[in-house]
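Please look over the structure below. The report after it covers aromatic pairs, helix packing and two loop positions.

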Amino acid sequence: MGCVFGRELVSLRGLPAEAEYGLSSVFYYIFAAVFFLIPVSLVAAELATGWPEKGGVFRWVGEAFGPQWAFLAMFMLFTEVSVWFPTALTFGAVSLAFIGPDQTWDQALSANKFFVLAIVLAIYWLATFIAFRGVGAFSKVSKWGGMIGTIIPAIILIVLGFSYLGSGEPVHIELKWADVIPDFTNFSNIVLAASIFLFYAGMEMNAIHVKELDNASKSYPMAIAVASIGTVAIFILGTLAIGFVIPQADINLTQSLLVAYYDIFHWAGIGFLAPIMAICLAIGVLAGIVTWVAGPSSGLLTVAKAGYLPRFWQYTNKHDMATHIMFLQAGIVTVLSILFVVMPSVQATYQILSQLTVILYLVMYLLMFAAAIYLRFSQPNRPRPYSIPGGRGGMFLVAGIGFIGSLIAFIFSFIPPGQIAVGSPTAYVLILIALTIFFVILPFIIYANRKPHWKDEDSDFAPFTWELENTHPGLPNDSDTHTPHLTEKHFHWLHKKKSEHKGAQS
């Protein structure tokens, strides 16, 4: 069925945040899988097969609520990735700091704001220029970087971590069943768990593979179940492995994964491998960044050519890469990275940008879940090769669970975490609220000021089905014509009109 993992599903950098919770992290991982991972996978599969044309979440939300809300969803995807880059790159910078022979010196270097800033910007701009070379240039980097920097380190962490547990060495997690259920009496202590939702983000991008399956109604849910169980197991085991060797009070969001490898390698008598592992993790970061520099910018380019951004942002180089959009993204990353020398600590900046990433991504998911429910009512007869079973009730249950789970995580993301010093809690909350409002309002301003000449005449972006059928997204539509048939008619008509126009000019 192709890749079943999203962006964060193959990243180890967030494990220390969940190791803060010890055995109760098991509860949070399972909760997020049930209330987010599985609903996203199933809902996106129905949307992707019902409306398979270009656009992804932009098309799905636009079919339900119109283009202005669709543009908000796409803008949230582009923006959250831009905000995510500094946090992912911080992990890369910390990894590079740990290639030295002295752990004390390595930890001090990884906490140095100017070192982190320099590495973040250097890696990001390097990844951007690699991505300028086109898909062929970064596909190999992504493939081998993911294996070297994520898959192999994950296996090593889990195997050595549980070998440490089995050796009888003292561990720093209380292994009692009663500790699986978290303490919900203090909301500030469960804020970090909201970031688990970001671990599972990106599953909607795999929904296109459902069209490749035989008997998708049965095989796709089974594939999702297997992928979900495997993903949750990897995260749980990796998180516990860190907790076995590092006391909860000593966990640092940016350093603890590297410290865990250092400690466990020395316990196993192979301490010389610790710097090598740090290099591997840094390679994994570079691979992920190169891939994601190009991905969302390409999606935004498609939307831009459909008439939603000025012609300046539609420019592509000879490799068909959206260089102007990618430069804009690099500018956003640079500005946000400078926060590292403004905030009280590297860890505080890491946390605020991580939470902002979660908030913006969840705005997109809230729109996606709402769109899926609404389309079951507004376009009930639209052919869907894969459909969530149970009719409207089934969709309302699955998408409703996803919506509620996302909303809970969205609200919690604004609460300062009790485990981390973030400076002034008031300033922390105000920064998050101000940035969220800014990034949500901006796409509406752009949309309100769009111009007819922004649309590229050669754009192959298909109109929404309600446009093709001369109706409105707010009105029920009983049409049972599959979208590709409508699109084929439209492009045939459009080609005919262009030919007539050229003939009249000649």
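## Aromatic pairs

Phe444 has a relative accessibility of 28% and therefore counts as partly exposed. In this predicted model, Phe444 pairs with Trp69: the ring centres are 5.2 Å apart and the planes stand at 80°, over the 60 degrees required, so the pair is edge-to-face. Trp69 is in helix 4 and Phe444 in helix 15 (residues 425–448), so that the pair links parts of the chain that are 375 residues apart. Trp69 also counts as partly exposed, because its relative accessibility is 36%.

A second pair is formed by Trp84 and Phe85, with 5.4 Å from centre to centre and 45° between the planes, which makes the pair tilted. Both partners of this pair are buried: Trp84 has a relative accessibility of 5%, and Phe85 has 0%. The count of aromatic pairs comes to 30. One aromatic cluster is formed by Phe58, Phe71, Phe75, Tyr308, Tyr447, Phe461, Phe464 and Trp466.

## Helix 3 and helix 4

Two packed helices are described by the angle between their axes and the distance between the axes. For helix 3 (residues 57–65) and helix 4 (residues 67–97), the angle is about 155° and the axes are 7 Å apart. Angles over 145 degrees count as roughly antiparallel, so helix 3 is roughly antiparallel to helix 4. The crossing of these two helices is right-handed.

On the helix 3 side, the contact involves Val57, Phe58, Val61, Gly62 and Phe65. These residues meet Pro67, Gln68, Trp69, Ala70, Phe71, Ala73 and Met74 in helix 4. By class, the contact of helix 3 with helix 4 has 10 nonpolar and 2 polar residues, with no charged residues. Phe58 and Phe71, on opposite sides of this contact, are also members of the aromatic cluster. Trp69, a helix 4 residue in the contact, is the one paired with Phe444.

## The loop at Gly66

Gly66 lies in the loop between helix 3 and helix 4. With a relative accessibility of 1%, Gly66 counts as buried.

Which residues does Gly66 contact, leaving aside its neighbours within four places in sequence? They are Val61, Trp466 and Pro473. Gly66 and Trp466 are 400 residues apart in sequence, while their C-alpha atoms are 9.3 Å apart in space. Trp466 is also one of the residues in the aromatic cluster, and Val61 is one of the helix 3 residues that meet helix 4.

## Helix 2 and helix 14

The axes of helix 2 (residues 25–50) and helix 14 (residues 391–412) come within 8 Å and cross at roughly 130°. Helix 2 and helix 14 are therefore oblique to each other. Their crossing is left-handed.

From helix 2, the contact includes Val34, Phe35, Phe36, Pro39, Leu42, Val43 and Glu46. Their counterparts in helix 14 are Met395, Val398, Ala399, Ile401, Gly402, Gly405 and Ser406. By class, the contact of helix 2 with helix 14 has 10 nonpolar, 3 polar and 1 charged residues.

## Helix 10 and helix 11

Helix 10 (residues 256–267) and helix 11 have axes that come within 9 Å and cross at roughly 150°. That angle makes helix 10 roughly antiparallel to helix 11. The crossing of helix 10 and helix 11 is right-handed.

Leu257, Leu258, Tyr261, Tyr262 and Phe265 in helix 10 are in contact with Ala274, Met277, Ala278 and Leu281 in helix 11. By class, the contact of helix 10 with helix 11 has 9 nonpolar residues, with no polar and no charged ones.

## The loop at Asp320

Asp320 is placed in the loop between helix 11 (274–308) and helix 12 (323–337). Is Asp320 buried or exposed? Asp320 is exposed, because its relative accessible area is 58%. Asp320 is not a glycine, yet its phi is positive, at about 65°.

## The protein as a whole

The secondary structure comes to 17 helices and 0 strands. Of the 506 residues in the protein, 54% are buried. Among the contacts with a separation of 6 or more, 83% are between residues 24 or more positions apart.

Key
Residues numbered from 1 in each chain as written. Predicted model: local features only at pLDDT ≥ 70, side-chain atom pairs only at ≥ 80, totals over all residues. Heavy atoms only, no water. Axes fitted to C-alpha atoms, helices over the stretch in contact; angles between N-to-C directions. Helix = DSSP H or I, 4+ residues; strand = E, 2+ residues; numbered from the N terminus. Parallel < 35°, antiparallel > 145°, perpendicular 65-115°, else oblique. Left-handed = near helix turned anticlockwise from the far one by under 90°. Contact = heavy atoms within 4.5 Å. Nonpolar A, V, L, I, M, F, W, Y, C, P; charged D, E, K, R; others polar. Phe/Tyr/Trp six-rings, centres within 6.5 Å; stacked < 30°, edge-to-face > 60°. Buried < 20%, exposed > 50% of the residue type's maximum accessible area, 1.4 Å probe, protein only.
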